[in-house]
Amino acid sequence: MGDLRNKTIKIFSQIMEVDETSVTDDSSPDNVAGWDSLTHIELISALEEELSIQISPEDSIDLENFQMLISFIEQKAG
Amino acid sequence: MKYMEQNYPNLWKVMSHIGNLSPFQKKAIFRLAETSDQRFFEFAESVVQRMLEVVDRQDGFEYIAKTYLWYTKSIRVEEMYFSKKGEYRYKNYDEVYEKVYGRDDYMIDYVVGLGMTQIFWKNHWEIFKFFLDVFIPKVKKYKSGAEIGVGHGLFHSEFLRGCPDMTSRLLDVSPSSLKTTLKMIEATGVNPKRATPVECDIQKDIPIDDDSLDALLMGELIEHIQNGDAVMLNLAKKLKKTGYCYFSTAANSPAEDHILLFKTIDEIRFFIDKCGWKIIDEHIGTLRQMSVEEAETGGHNINYAAVLSTKNEI
């Protein structure tokens, strides 16, 4: 799971243009300047491609902070 | 923000509710507020006041905020779908009618949510300004008008307010939409008797005489229709040679009731031309100040609005 988390942080940091070390479970659109509805779509597409998972449109829009995102991905991968 | 709370209290209350409920929308609407001018705030405050009157509920502020978020969420689901599939979810009008227009309760939420995007989405506010600043001055002395697909009624209300001698017909397939528009006209301080509601499906019949209209509004209509060409061709016959039409649509703009997909601005211009219309003036808007080319290549939303005349214009 640690590897999955690291990969997710790497993808997240690239899309949102933030340093990997700044990404925490509390990261959200409130405190990550580049996280808006457009980058959210880019993030979900990149996660699907890089991690070989499927996230439905309905599920994807409820993932509104990093904690929710990583929990969902770990559940999918598990 | 203190200034805003004091001077635009209704807008502030709705924004605060939205901010408490959605981090995405909090960021988007407060960012818009930070970069907006007095004209925006005055208009936005007036839209909230009118919407409160239209919905007429004890929990008006909360309802408007939640309904806006519900509408925005439905658009974001469709955006995700579109980004995966490259096409809109529905291609058939009957499916959309069953899901959206044919459901009275759903339509009320739908038009309230959509109405709030006119102030909370920068691209929709820009289009509204084009309507007010470019279209209305061209028709302000005219007398006979109509709107096809009236939605929340904000455009029609401003149309009647800006054109004091105008009487008009409201054509829509949804009775809820017609009722909401009449309430919106009244909330704007305009006599609603100047507008006659007509419940009809314009894909089957357009109950307006040929060559009878000075002004025609068809904002965000054509993408909802399966056979848009036939409707646009038919509508061109209704406008007088001296008349003007306000037209808007969007490329790469998924919504649960959008059927007709344009991918580029040139596709829209070609569509207008082949249906017997001439572009007099136009507005093109993208998100995040993207170039049109970048938006077309990336499949991102592009808003398009135009003032049209028929090709037989004198």
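A residue counts here as exposed if 12 or fewer other C-beta atoms lie within 10 Å of its own, and as buried if 20 or more do. By that yardstick, A:Glu17 is exposed, because 10 other C-beta atoms lie within 10 Å. The model is a predicted one, and A:Glu17 makes a handy starting point for a walk through it. This residue sits in the loop between α1 and α2 of chain A. Its backbone also deserves a glance: phi of A:Glu17 is near 55 degrees, a positive value in a residue other than glycine. As background, most residues other than glycine have a negative phi.

Helix α2 of chain A comes next. α2(A) has 15 residues, and the distance from its first C-alpha to its last is 21 Å, close to the 21 Å expected at 1.5 Å a residue. Which residues of α2(A) are buried? They are A:His40, A:Ile41, A:Leu43, A:Ile44 and A:Leu47. Because they cover an arc of only 160 degrees around the axis, they lie on the same side of α2(A). The general geometry is familiar: an α-helix has 3.6 residues a turn, so residues three or four places apart point the same way. The cover over the buried residues of α2(A) includes α1, α3 and α4 of chain A, together with α5 of chain B.

A:Thr39 also lies in helix α2 of chain A, and it is partly exposed, with 18 other C-beta atoms within 10 Å. Setting aside residues up to four places away in sequence, A:Thr39 touches A:Ile15, A:Met16 and A:Gly34. With A:Ile15, the C-alpha separation is 6.8 Å, although the two residues are 24 apart along the chain. Just after α2(A), A:Ser52 adopts a positive phi of about 50 degrees.

The contact between the two chains involves 14 residues of chain A and 13 residues of chain B. On the side of chain A that touches chain B, α2 (37-51) and α3 (57-60) each supply at least two residues. Which element gives the most to this side of chain A? It is α2(A), with five residues. By class, the side of chain A that touches chain B has six nonpolar, four polar and four charged residues.

In chain B, strand β5 (residues 239-251) offers a good view of the interior. Eleven of its 13 residues are buried, so β5(B) is largely enclosed by the rest of the structure. Strand β4 (residues 213-219) of chain B pairs with β5(B) in the parallel sense over six bridges; within this pairing, B:Leu217 has B:Tyr246 in β5(B) as its bridge partner. From β4(B) the chain crosses through helix α11 (residues 228-236) of chain B to β5(B), a β-α-β crossover that is right-handed. Strand β7 (residues 302-310) of chain B runs antiparallel to β5(B), and seven bridges join the two. Here B:Ala250 stands opposite B:Asn303 in β7(B).

Beyond the strand, B:Asn252 is found in the loop between β5 and α12 (265-274) of chain B. Is B:Asn252 buried or exposed? It is buried, because 21 other C-beta atoms lie within 10 Å, whereas A:Glu17 is exposed. Phi of B:Asn252 is near 50 degrees, again a positive value in a residue other than glycine.

How values were computed: Residues numbered from 1 in each chain as written. Chains lettered and ligands numbered in written order. Predicted model: local features only at pLDDT ≥ 70, side-chain atom pairs only at ≥ 80, totals over all residues. Contact = placed C-beta atoms within 7 Å. Helix = DSSP H or I, 4+ residues; strand = E, 2+ residues; numbered from the N terminus. Nonpolar A, V, L, I, M, F, W, Y, C, P; charged D, E, K, R; others polar. Pairing = 2+ DSSP bridges. Right-handed = clockwise from strand over helix to strand, strands pointing away. Expected span 1.5 Å × (residues − 1). Arc of directions from axis to C-beta.
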